[in-house]
Amino acid sequence: MTTLRTPAQLCEQGLIPPERRAELEKVAARYAVAVPPALAGLIDGKDPHDPIARQFVPDVAELERRPEEDADPIGDDAHSPVEGIVHRYPDRVLLKLTHVCAVYCRFCFRREMVGPDKPNALSREALARALDYIRAHEEIWEVILTGGDPLVLSARRLREVMKALGEIAHVKVVRIHSRVPVADPARITAELVRAMRASGKATYVAVHVNHARELAPHARAALARMADAGIPLLGQSVLLRGVNDTPEALGELMRALVECRVKPYYLHHGDLAPGTAHLRTDIATGQALMRQLHGRWSGLCQPTYVLDIPGGHGKSPIGPSYIERTGTNGGEHFAVDDFRGGRHHYPPAE
Ligand code: SF4
């Protein structure tokens, strides 16, 4: 099986019924579609609520755009001083090398910017200007390769970029954000892993995974190849209605990540990307789920629940608060919730 890129191909593989094909052609004309074999093989075509299909198989609801939704929901453009760079926070930049991904997620916050019909990769000249920008800004401590998916690049091209970053003294950390380890695990070859490490800087890989079933044996092996090479792995997940919005699904996901040596880092609240309302939960649901995670699972399984504030104002933690100030009479007094939901005074009441 090759990567499925059209409703006709999805239909042939039994992932959509023939009667939905015509309406899904309209969705595919609007937003990129790609379901690679590693993910297509995980979908149960008979289950109308399959959590893998829900993330990658187009849905006619994507044509419904809400007034609050925005083509650039986290404000990348407002913070892009040169092509390929987003400089939102003082100490770090995004470097977007490509607009192509191994799979197109139906909830993607950059869905208006990624896809094969978009300009494919930063030209050599544009990349040189982006690297010049990083060289000229000594406050940049960390460079985050994102996209598109930087791990769709060849090992040779990735190595060139990493070596160039390695020569910039003030850059101490390089982070690669990718879905390739689950979407196309065979791409994580020894050569690509060596290229990831070619900068000589502290290099992290943040893997995007939203359901435990994505961590199939080939994906686990790909993650092990990176972990065994000494690359620290972080997990990024998006809270999605019908995919991971139950305590069981979210807890199993976090446990599966930790078992693969991936430390859960962020749980993103769904961004206000066009045509994604059917996949978003509300924030109260997210906070309740975080409380349940805290109550039931190891500290290693706890990501930070974050919202990217629309307009480019950056991420803020929005998880539930476990502490409340109860008074200042004779010193500070608080009430703190424990993992079972019990309340306690701090300092303890006499
Ligand atoms: S892999 Fe990332 S950038 Fe690509 S479609 Fe999915 S969420 Fe968007």
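These are my notebook entries on a predicted model.

**Ligand site.** I looked up where the ligand is placed and found that it sits in the largest pocket. I listed its surroundings as Cys101, Val103, Tyr104, Cys105, Cys108, Arg179 and His208. Sorting this shell by class, I recorded five nonpolar residues, one polar residue and one charged residue.

**Nonpolar core.** I then turned to the largest nonpolar core, which has 92 residues. The members that touch the most others are Leu95, Ile134, Leu145, Leu165 and Met196. I followed leucine 145 further and set aside its neighbours within four places in sequence. The contacts of leucine 145 are then Leu95, Leu97, Pro150, Leu158, Met162, Leu165, Val174, Arg175, Ile176 and His177.

**Cis peptide bonds.** I noted a cis bond from glycine 147 to glycine 148, with omega near 15°. Glycine 148 belongs to the loop between strand E3 (142-146) and helix H6 (155-166). I noted another cis bond from tyrosine 346 to proline 347, with omega near -5°. Proline 347 lies in the segment after strand E12 (343-346).

**Arginine 261.** I checked its backbone and found a positive phi of about 65°, although the residue is not a glycine. Arginine 261 is in the loop between helix H10 (247-259) and strand E7 (262-268). Its relative accessible area is 45%, so I entered arginine 261 as partly exposed.

**Aspartate 228.** Is this residue buried or exposed? I entered aspartate 228 as exposed, because its relative accessibility is 58%. I located aspartate 228 in helix H9 (residues 217-228). Its C-alpha atom is separated by 13 Å from that of tyrosine 204, 24 residues apart along the chain.

Terms used:
Residues are numbered from 1 along each chain as its sequence is written. This is a predicted model: local features need pLDDT of at least 70, side-chain atom pairs count only at pLDDT 80 or more; totals for chains, interfaces and linings use all residues. Side-chain values use heavy atoms; hydrogens and water are left out. A nonpolar core is a set of buried Ala, Val, Leu, Ile, Met, Phe, Trp, Tyr and Cys residues joined through side-chain atoms within 4.5 Å. Buried means under 20% relative accessible area, exposed over 50%, partly exposed in between (1.4 Å probe, protein chains only). Contact means heavy atoms within 4.5 Å. A residue is near a molecule or strand if one of its heavy atoms lies within 4 Å of it. On a 1 Å grid over the protein atoms alone, a cavity is a set of points where a 1.4 Å probe fits but cannot get out, and a pocket is an open set with protein on both sides within 12 Å along at least five of seven lines; lining residues have an atom within 4 Å of a point. A molecule sits in a cavity or pocket if more than half of its atoms lie within 2 Å of its grid points. Ala, Val, Leu, Ile, Met, Phe, Trp, Tyr, Cys and Pro count as nonpolar, Asp, Glu, Lys and Arg as charged, and the others, Gly among them, as polar. Helices (H or I, at least four residues) and strands (E, at least two) are DSSP runs, numbered from the N terminus.
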